[in-house]
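Visitor: Please take a close look at one loop position in this model and tell me what surrounds it. Then follow the chain outward from there, and say which parts I should read with caution.

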Amino acid sequence: MKKPKFFGRVVGTLAVGAMVGTGLVLTTGAPSASAVGSSACTKNVKNVKVSVSETVHLRTGPGKSYTSKGLVGKGTNNYYETCQRGKWSYGKVLKGANKGKKGWVRTWYLGYPMNPPGEIPG
């Protein structure tokens, strides 16, 4: 006996209704991480301009799972570091296309201070 065409739609609708009714929700992909600012810092750093050893992502939080806000270019005095969390540094981009944006960069890519500790960039 051949099933009517609407049979598949009815079963699919019932299955979705059952998942929603029980609180089961299907998602695709990894959940996106929420943006976090300096409040996520665990170590304060004397505000310093630093060099960036290679072009890196500026992220919304301290980790690769956070969204990239753009790139920080390689060079001297490109990033202003204010604090850290683990292997990540929070600060502000000083030069380039993302100048003025604040975010997180992997500390590994940050070089020596370019100004005396505590000096605020102009």
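Guide: Setting aside neighbours within four places in sequence, Lys99 is in contact with two residues, Val93 and Leu94. Bear in mind that this is a predicted model. Lys99 sits in the loop between S5 and S6. Its relative accessible area is 61%, so Lys99 counts as exposed, the cut-off being over 50%. A further reference point is Val72: the C-alpha atoms of Lys99 and Val72 are 8.6 Å apart, although 27 residues separate the two along the chain.

Two of the residues just named lead into the interior. Val93 and Val72 both belong to the largest nonpolar core, which has ten residues. The other members are Val48, Val50, Val52, Val56, Leu58, Tyr79, Val105 and Leu110. S1 and strand S2 (56-59) are the elements that give two or more residues to this core. S1 supplies the largest share, three residues. Another core, of six residues, lies apart from this one, and among its members are Ala40, Cys41, Cys83 and Trp104.

The strands on either side of the Lys99 loop also carry an aromatic pair. There is one such pair in the structure. Tyr90 and Trp104 form it, with 5.2 Å from centre to centre and 55 degrees between the planes, and the arrangement is tilted. Tyr90 lies in strand S5 (residues 88-93) and Trp104 in strand S6 (residues 102-106), so the two partners are 14 residues apart and the pair links distant parts of the chain. Both rings belong to buried residues, but the values are not alike: Tyr90 has a relative accessible area of 12%, and Trp104 has 0%. Each is therefore under the 20% cut-off for buried.

Trp104 leads on to Gln84. Leaving out neighbours within four places in sequence, Gln84 is in contact with Trp104, and also with Cys41, Thr42, Lys43, Val45, Ser89 and Thr107. Gln84 is part of strand S4. With a relative accessible area of 14%, Gln84 is buried, because that value is under 20%.

Cys41, a contact of Gln84, is also half of a disulfide. The structure holds one disulfide. It joins Cys41 to Cys83, with 1.7 Å from S to S. Cys41 lies in the loop between helix H1 (6-22) and strand S1 (43-52), whereas Cys83 lies in strand S4 (residues 75-85); the two are 42 residues apart, and the pair links distant parts of the chain. Both cysteines are buried. In general, a disulfide is a covalent bond between the sulfur atoms of two cysteines.

Another loop residue gives a contrast to Lys99. Tyr66 is in the loop between S2 and strand S3 (68-72). Its relative accessibility is 18%, so Tyr66 counts as buried. The C-alpha atoms of Tyr66 and Val36 are separated by 9.2 Å, with their positions 30 residues apart along the chain.

Now the chain as a whole. One helix and seven strands make up its elements, and along the sequence they run α-β-β-β-β-β-β-β. Of the 122 residues, 30% are buried. Among contacts between residues at least 6 apart in sequence, 58% join residues at least 24 apart. The accessible surface is about 8300 Å², and carbon and sulfur atoms account for 58% of that area.

Last, the caution you asked for. The chain has a mean pLDDT of 74, with 64% of its residues at 70 or more. Confidence is highest in S2, at a mean of 96, and lowest in H1, at 44. Residues 10-32 stay under 50, and over that stretch the model has two contacts beyond four places in sequence. The pLDDT is also below 50 over residues 115-122, but there the model has 16 contacts beyond near neighbours in sequence. Where pLDDT is low, the predicted coordinates should not be read in detail.

Definitions and conventions: Residues numbered from 1 in each chain as written. Predicted model: local features only at pLDDT ≥ 70, side-chain atom pairs only at ≥ 80, totals over all residues. Heavy atoms only, no water. Disulfide = S-S within 2.5 Å. Helix = DSSP H or I, 4+ residues; strand = E, 2+ residues; numbered from the N terminus. Buried < 20%, exposed > 50% of the residue type's maximum accessible area, 1.4 Å probe, protein only. Core = buried A, V, L, I, M, F, W, Y, C linked by side-chain atoms within 4.5 Å. pLDDT = per-residue confidence, 0-100. Contact = heavy atoms within 4.5 Å. Phe/Tyr/Trp six-rings, centres within 6.5 Å; stacked < 30°, edge-to-face > 60°. Areas by Shrake-Rupley, 256 points an atom, 1.4 Å probe, with all protein chains shown as cover.
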